[in-house]
Amino acid sequence: IMMKPSKDSITSSGSSNEDEKKESSDHHYASLNNIANDDRSLPRIHPTTTLCILVMIDMLSVSIVVPLLHQYYKTSGVHSAQQRELLSSLFSSSQIVGGLIIGALSDVGFLSR
């Protein structure tokens, strides 16, 4: 007859940390799902799926804007190569900084519903 190991024996074996982390993570997602389970809320999307969608939207927006930058430079009077390079690098830098700021605000919970 096989007996189930007691919780004390699992704790002493050292593998309980992984189990506790998984239970904690499961509990966290379960509590998020409980918050969102009223009739008015949208269904929960897994964070990995959300991340993939956001990266796709970001890449799409950059691929739309970057080809148009040359026209914007011409209409705004930017003709030297150095000015164009500076503005292009500022555009890329603002993408990085903006992503970091929005990510930090999201982690803090400032952007949550």
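Leaving aside its neighbours within four places in sequence, which residues is Val-62 in contact with? Keep that in mind while you get your bearings. This is a predicted model.

**The whole chain**

Show the full chain as a cartoon. There are 5 helices and 0 strands. Starting from the N terminus, the elements read α-α-α-α-α. Switch to a surface view next. The accessible surface is about 10000 Å², and carbon and sulfur atoms account for 63% of that. Of the 113 residues in the chain, 4% are buried.

**Colour by confidence**

Now colour by pLDDT. The average for the chain is 76. At least 70 is reached by 64% of the residues. Select residues 7-13, which form helix H1. Confidence in the chain is lowest here, with a mean of 50. Where pLDDT is low, the predicted coordinates should not be read in detail. Then jump to H5, where confidence is highest, at 90.

**Val-62**

Select residues 47-65. This is helix H3, and Val-62 is in it. Show the side chain of Val-62. Is Val-62 buried, exposed or partly exposed? Val-62 is partly exposed, because its relative accessible area is 26%, and partly exposed runs from 20% to 50%. Back to the opening question: beyond its sequence neighbours within four places, Val-62 touches Pro-67 and Gln-95. Add both to your selection. Gln-95 is 33 residues from Val-62 along the chain. Draw a distance between the two C-alpha atoms: the model puts them 9.1 Å apart.

**Along helix H5**

Select residues 81-108 for helix H5. How far apart are the end C-alpha atoms of H5? They lie 41 Å apart. The helix has 28 residues, so at 1.5 Å a residue it should span 40 Å, and the two values agree. Step past the end of H5 to Gly-109. This glycine follows the helix and has a positive phi, near 100°.

**The nonpolar patch**

Last stop. Select Val-97, Ile-101, Ile-102, Leu-105, Val-108, Phe-110 and Leu-111. Together they form a nonpolar patch on the surface. Their combined accessible area is about 700 Å². Zoom in on Ile-102, which sits in helix H5. Is Ile-102 buried or exposed? Ile-102 counts as exposed, because its relative accessibility is 51% and the cut-off for exposed is over 50%. One reminder for looking along a helix: an α-helix has 3.6 residues a turn, so residues three or four places apart point the same way.

Methods. Residues numbered from 1 in each chain as written. Predicted model: local features only at pLDDT ≥ 70, side-chain atom pairs only at ≥ 80, totals over all residues. Heavy atoms only, no water. Helix = DSSP H or I, 4+ residues; strand = E, 2+ residues; numbered from the N terminus. Buried < 20%, exposed > 50% of the residue type's maximum accessible area, 1.4 Å probe, protein only. Contact = heavy atoms within 4.5 Å. Areas by Shrake-Rupley, 256 points an atom, 1.4 Å probe, with all protein chains shown as cover. Patch = residues over 30% accessible without salt bridge, like charges linked within 9 Å, V, L, I, M, F, W, Y side chains within 5 Å. Salt bridge = Lys/Arg side-chain N within 4 Å of Asp/Glu carboxyl O. pLDDT = per-residue confidence, 0-100. Expected span 1.5 Å × (residues − 1).
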